[in-house]
Amino acid sequence: VNDGDTITIEGNYRVRYIGIDAPEVHPDLEAFGTEARQANRKLVEGKVVRLEQDVSQTDKYGRLLRYVWVDDILVNAELVRLGLAHAQAYPPDTKYQDYLKQMELEAREASRGMWVK
């Protein structure tokens, strides 16, 4: 687990989660960056993940762009639901964007994570 929205999988492939933007841990630590990375680690580390492509294969940094699933949990959405990432559209990869926005609204209304009032 690199941070709240990027992982490295078998074969040394870096995977950037589609549709979300989590606070950074490097080069500068942003508020909730550590929490986002820890939650991501808890969700995926040591587990078999299923990767789902939308439209784009990779980003400008050569990372695979994917929705990441562990069993029936869409990890991208779970991080948003926990208030540890923003729903952020990166067209043309928007298959689950309405769902991600709904998860962000839920987190905001429940004052979870970065949305604590």
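**Exercise 1.** Does Val 44 count as buried or exposed, and at what relative accessibility?

*Solution.* The model is predicted. Start with the location: Val 44 belongs to helix H1, which covers residues 33-44. Next, take its relative accessibility, which is 7%. The cut-off for buried is under 20%. Val 44 therefore counts as buried at 7%.

Then look at its surroundings. Leaving out residues up to four places away in sequence, Val 44 touches Val 1, Ile 7, Tyr 17, Val 49, Val 68, Val 70 and Val 75. One of these, Ile 7, is 37 residues from Val 44 along the chain, and the two C-alpha atoms are separated by 8.8 Å.

**Exercise 2.** Describe the setting of Asn 76 and state which backbone oxygen its side chain reaches.

*Solution.* First, place the residue: Asn 76 is in helix H2, residues 75-81. Second, check its accessibility: Asn 76 counts as buried because its relative accessibility is 0%. Third, list its contacts. With residues up to four places away in sequence not counted, Asn 76 touches Tyr 17, Ile 18, Ile 20, Arg 66, Tyr 67, Val 68 and Leu 100. Finally, the side chain of Asn 76 reaches the backbone oxygen of Arg 66 at 3.5 Å.

**Exercise 3.** Identify the salt-bridge partners of Arg 16 among Asp 5 and Asp 21, and give the burial state of each residue.

*Solution.* Side chains of opposite charge can pair when their charged atoms come close. A salt bridge requires a nitrogen-to-oxygen distance within 4 Å. Arg 16 and Asp 5 form a salt bridge, with their closest N and O atoms 3.5 Å apart. This pair links distant parts of the chain: Arg 16 is in strand E2 (residues 13-17), while Asp 5 is in the segment before strand E1 (6-9), 11 residues apart. Arg 16 also forms a salt bridge with Asp 21, where the closest N and O atoms are 3.7 Å apart.

Now compare accessibility. Arg 16 is buried, at 9%, and Asp 5 is buried, at 2%. Asp 21 is partly exposed, at 28%.

**Exercise 4.** Which parts of the chain does the salt bridge between Arg 81 and Glu 106 tie together?

*Solution.* Begin with the distance: the side chains of Arg 81 and Glu 106 meet in a salt bridge at 4.0 Å, N to O. Arg 81 lies in helix H2 and Glu 106 in helix H3 (residues 97-109), so the pair ties together parts 25 residues apart in sequence. Arg 81 is partly exposed, with a relative accessible area of 24%, and Glu 106 is partly exposed at 30%.

To finish, widen the view. Glu 78, Arg 81, Glu 106 and Arg 112 are linked in a network of salt bridges. The whole structure contains 9 salt bridges.

Terms used. Residues numbered from 1 in each chain as written. Predicted model: local features only at pLDDT ≥ 70, side-chain atom pairs only at ≥ 80, totals over all residues. Heavy atoms only, no water. Helix = DSSP H or I, 4+ residues; strand = E, 2+ residues; numbered from the N terminus. Buried < 20%, exposed > 50% of the residue type's maximum accessible area, 1.4 Å probe, protein only. Polar contact = N/O pair within 3.5 Å; in protein donor to acceptor, adjacent residues only side chain to side chain. Contact = heavy atoms within 4.5 Å.
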